[in-house]
Amino acid sequence: MSIIGWIILGLLAGAIAKFLLPGRDPGGILGTTLIGVAGAFIGGWISARWLDHPISKDFFDGATWAAAIGGSLVLLIVYRLLFGNSRD
């Protein structure tokens, strides 16, 4: 999968993470989508590096999607913990 594929996957993973974890985000929609892209890269890297699941070249691989969504959720939670009260 190319870098463009990972960016598209990250945007979709960020939207899914936002759906699974509703609420106000300090960065709004732009911050959430950037967190989704970063989460997809980090989730894929962790999956390939430490979980011995190589990244599939197929866009519709379930494990790749799970890693991307999981990475997005973790980053979104950390982001809310660090910067959650900045919009109050």
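**View 1. The whole chain is three helices and zero strands.** This is a predicted model, and from the N terminus on its elements run α-α-α. The chain has 88 residues, and 33% of them count as buried. Now take the contacts between residues at least 6 apart in sequence: 80% of these join residues at least 24 apart. As for the outside, the chain exposes about 5,400 Å², and carbon and sulfur atoms supply 72% of that area.

**View 2. Here is helix α1, residues 3-20.** Let's check its length. With 18 residues at 1.5 Å a residue, α1 should span 26 Å; the end C-alpha atoms turn out to be 25 Å apart, so the two values agree. Which residues of α1 are buried? They are G5, W6, L9, G10, A13, G14 and A17. Their cover includes α2 and α3, the latter being residues 62-83. As you go through that list, keep one rule in mind. An α-helix has 3.6 residues a turn, so residues three or four places apart point the same way.

**View 3. Helix α1 crosses helix α2 (residues 28-49).** The two axes come within 7 Å and cross at roughly 115°. The crossing is right-handed. On the α1 side, the residues that meet α2 are I3, W6, I7, G10, L11, G14 and K18. On the α2 side, look for T32, T33, G36, V37, A40, F41 and G44. Sorted by class, this contact has seven nonpolar, six polar and one charged residues.

**View 4. Helix α2 has 22 residues.** From the first C-alpha to the last, α2 reaches 31 Å, close to the 32 Å expected at 1.5 Å a residue. Its buried residues are G31, T32, I35, G36, V37, G39, A40, G43, G44 and S47. What do the buried residues of α2 pack against? They pack against α1 and α3.

**View 5. A38 sits in helix α2.** Is A38 buried or partly exposed? Buried would mean under 20% relative accessible area and exposed over 50%. A38 has 31%, so it is partly exposed. Now find L75, which is 37 residues from A38 along the chain. The C-alpha atoms of A38 and L75 are separated by 8.1 Å.

**View 6. Helix α3 also gets its own close-up, with 22 residues.** Its first and last C-alpha atoms are 31 Å apart, close to the 32 Å expected at 1.5 Å a residue. In α3, the buried residues are T64, W65, A67, A68, I69, G71, S72, L76 and R80. The cover over them includes α1 and α2.

**View 7. Zoom in on S72, a residue of helix α3.** How does S72 come to be classed as buried? The cut-off for buried is under 20% relative accessible area, and S72 has just 1%, so it counts as buried. Leaving out residues up to four places away in sequence, S72 touches A13, G14, A17, I35, G36, G39 and A40. You have met some of these already: A13, G14 and A17 are among the buried residues of α1, while I35, G36, G39 and A40 are among the buried residues of α2.

**View 8. L20 belongs to helix α1.** Which residues is L20 in contact with, leaving aside its neighbours within four places in sequence? The partners are I69 and L73. I69 is one of the buried residues of α3. L20 and L73 are 53 residues apart along the chain, and their C-alpha atoms are separated by 8.3 Å.

**View 9. F60 lies in the loop between α2 and α3.** Is F60 buried or exposed? Exposed means over 50%, and F60 has 67% relative accessibility, so it counts as exposed. Look across to L9, one of the buried residues of α1. F60 and L9 are 51 residues apart along the chain, and 9.6 Å separates their C-alpha atoms.

Terms used:
Residues are numbered from 1 along each chain as its sequence is written. This is a predicted model: local features need pLDDT of at least 70, side-chain atom pairs count only at pLDDT 80 or more; totals for chains, interfaces and linings use all residues. Side-chain values use heavy atoms; hydrogens and water are left out. Axes are lines fitted to C-alpha atoms, for helices over the stretch in contact, and angles run from 0 to 180 degrees between N-to-C directions. Helices (H or I, at least four residues) and strands (E, at least two) are DSSP runs, numbered from the N terminus. A crossing is left-handed if the near helix is turned anticlockwise from the far one by less than a right angle, and right-handed if clockwise. Contact means heavy atoms within 4.5 Å. Ala, Val, Leu, Ile, Met, Phe, Trp, Tyr, Cys and Pro count as nonpolar, Asp, Glu, Lys and Arg as charged, and the others, Gly among them, as polar. The expected span of a helix is 1.5 Å times one less than its number of residues. Buried means under 20% relative accessible area, exposed over 50%, partly exposed in between (1.4 Å probe, protein chains only). Accessible areas come from the Shrake-Rupley method with a 1.4 Å probe; for residues, only the protein chains shown count as cover.
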